[in-house]
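Visitor: I am new to this structure. Please take one part and look at it closely, then show me how other parts compare.

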Amino acid sequence: MGFGLVRMLLDDARSIFAPLFTFRVASAVYFGMGSLVHMVVSPERRAILESFYLFTDRDVAKLNFLVACSTLFILVVAGVAESLATRSETPAPTTSIAGANARRMRNYGLVFLVIGSALKYIFVFPVSIGWVAWGEVPGSIVTMAEMSLIGLNLLTIWSLQNARAFFPIVCVLVAIEMLVGVLLLSKTQVLLPMLMLLVGIMAQRLTLKRVIGAFIAVAIALEVLQPMIAFARDEFNLRTGGMATNATIAMRAQILVSYFDPFRTRSPSEEPGEGLMRISYVNAGAFAIVMYDRGNSGDSFKNLFVSLVPRVIWPEKPLLQAGGDFAMAASGRYAENSVSPGMFAEAYWNYGWMGVPLVMTPLGLFLLWMSRYSLWVLQREKWMFFPIALIGMKVGLAIDGMFVSQIAGTTAIVVVFHVVTAALEAGMQRIGFGALHRA
């Protein structure tokens, strides 16, 4: 796995955007490092893991073997399909991010930043912060709001290549986005802007120093954020009953400031090992395997075709609750957050060992398809399609999720977004609107 990561970067630094790259990273973290967590945490933390399911060493060994077989199958499928696809195609032009049209990259970066920020702060943020009770924001709008992160990524690359005086401004914008994430009490919303900045820095010029620096920066951020956000969430739930509409920004800020009070009572969620437990799927994965072996197979693929219809087209589309159903099977009640055993164990939960070829084949083909799509965008400098490429990069990291929502649902979104984007690009060229394209 590690050799594959290094080889991809050495072959083409732009592979950092490829889902096959992020898939390798996520698999190594969740099912490599994560499989060891129960061995290194305190007995109290291990007891919490076992409270979901009391796994044995034999359960863990079978899960690890399943993960190894599944990842190998995915990489073999992707490798064979790649070799077949490249036999008859014309080589792509040998361009690089460093030689991209500077003004074009800047223009697209600004457009993505403005549109994404508008969607985020008009629709997504007011609901997340509790100002309005509009219900669930459609996934397509949430996805489009993330264009602001893509804009930051492109502006990072552009500024480092062509306008270093602008780079501090990009850093300030990233810091603002991270601050908003802190107010939302979301580690993900804090880390994503930071990751887009770091990926942009590495994509502009990949060096060992930058890679090591990025890993250190992320590790420090996680070390700081984990206990702070854990305390803030516990305090937030205590004061508001978990209702976002009951909290003001001032209250959130006050809670975060109180974290630094040396005389406060520590939250149980702040104890050492909490962060490590979040990358461990041993308990859920082992439970899924045992469920199938005992004759209680899953049905998390039942809404496969439903997920292919975007919610923006079908507003009343049923919610995909496979994670809640899995939590119900384990504990007898729906968890506050969806619980997933990861796609490898989910495949076994539904189909046993046949789940490896049945599920990993389309997964491998999807990751290859989106990886080739990402490189096509970068090689051809198709910046208007860059948001779609970043969707694939994100999915590569979501191997710990459920297949239907993460893969099938995303496939539909990608297809719709690509058709719409291609139509917009053709329309812009037809009417002579070339401001975004001019050099």
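Guide: L185 is buried, with a relative accessible area of 6%. The model is predicted. L185 sits in the loop between helix 9 (167-183) and helix 10 (187-204). Its backbone stands out on one point. Most residues other than glycine have a negative phi. L185 is not a glycine, yet its phi is positive, about 60°.

Now take a residue on the surface. V224 belongs to helix 11 (residues 208-240). V224 counts as partly exposed, because its relative accessibility is 47% and the partly exposed range runs from 20% to 50%. V224 joins L208, I212, I216 and I220 in a nonpolar surface patch. Together these residues have about 490 Å² of accessible area.

Next, the interior. In soluble globular proteins, nonpolar side chains tend to be buried together. Here the largest nonpolar core has 110 residues. Those with the most contacts inside it are F17, L363, F386 and I399. Helix 18 (residues 355-379) gives this core its largest share, eleven residues. Another core, of five residues, lies apart from it. L119, V124, V127 and V137 are among its members.

Last, a charged residue. E346 lies in helix 17 (residues 343-351). E346 is buried, yet has no salt bridge. The nearest side chain of opposite charge is K302, 11 Å away. A salt bridge needs the nitrogen and oxygen within 4 Å. Beyond its neighbours within four places in sequence, E346 is in contact with S300, F301, P341, G401, M402 and F403.

Notes. Residues are numbered from 1 along each chain as its sequence is written. This is a predicted model: local features need pLDDT of at least 70, side-chain atom pairs count only at pLDDT 80 or more; totals for chains, interfaces and linings use all residues. Side-chain values use heavy atoms; hydrogens and water are left out. Helices (H or I, at least four residues) and strands (E, at least two) are DSSP runs, numbered from the N terminus. Buried means under 20% relative accessible area, exposed over 50%, partly exposed in between (1.4 Å probe, protein chains only). Patches are made of residues with over 30% relative accessible area and no salt bridge: like charges are joined within 9 Å, nonpolar side chains (Val, Leu, Ile, Met, Phe, Trp, Tyr) within 5 Å. Accessible areas come from the Shrake-Rupley method with a 1.4 Å probe; for residues, only the protein chains shown count as cover. A nonpolar core is a set of buried Ala, Val, Leu, Ile, Met, Phe, Trp, Tyr and Cys residues joined through side-chain atoms within 4.5 Å. Lys and Arg count as positive and Asp and Glu as negative; His and the chain ends are not counted. Contact means heavy atoms within 4.5 Å.
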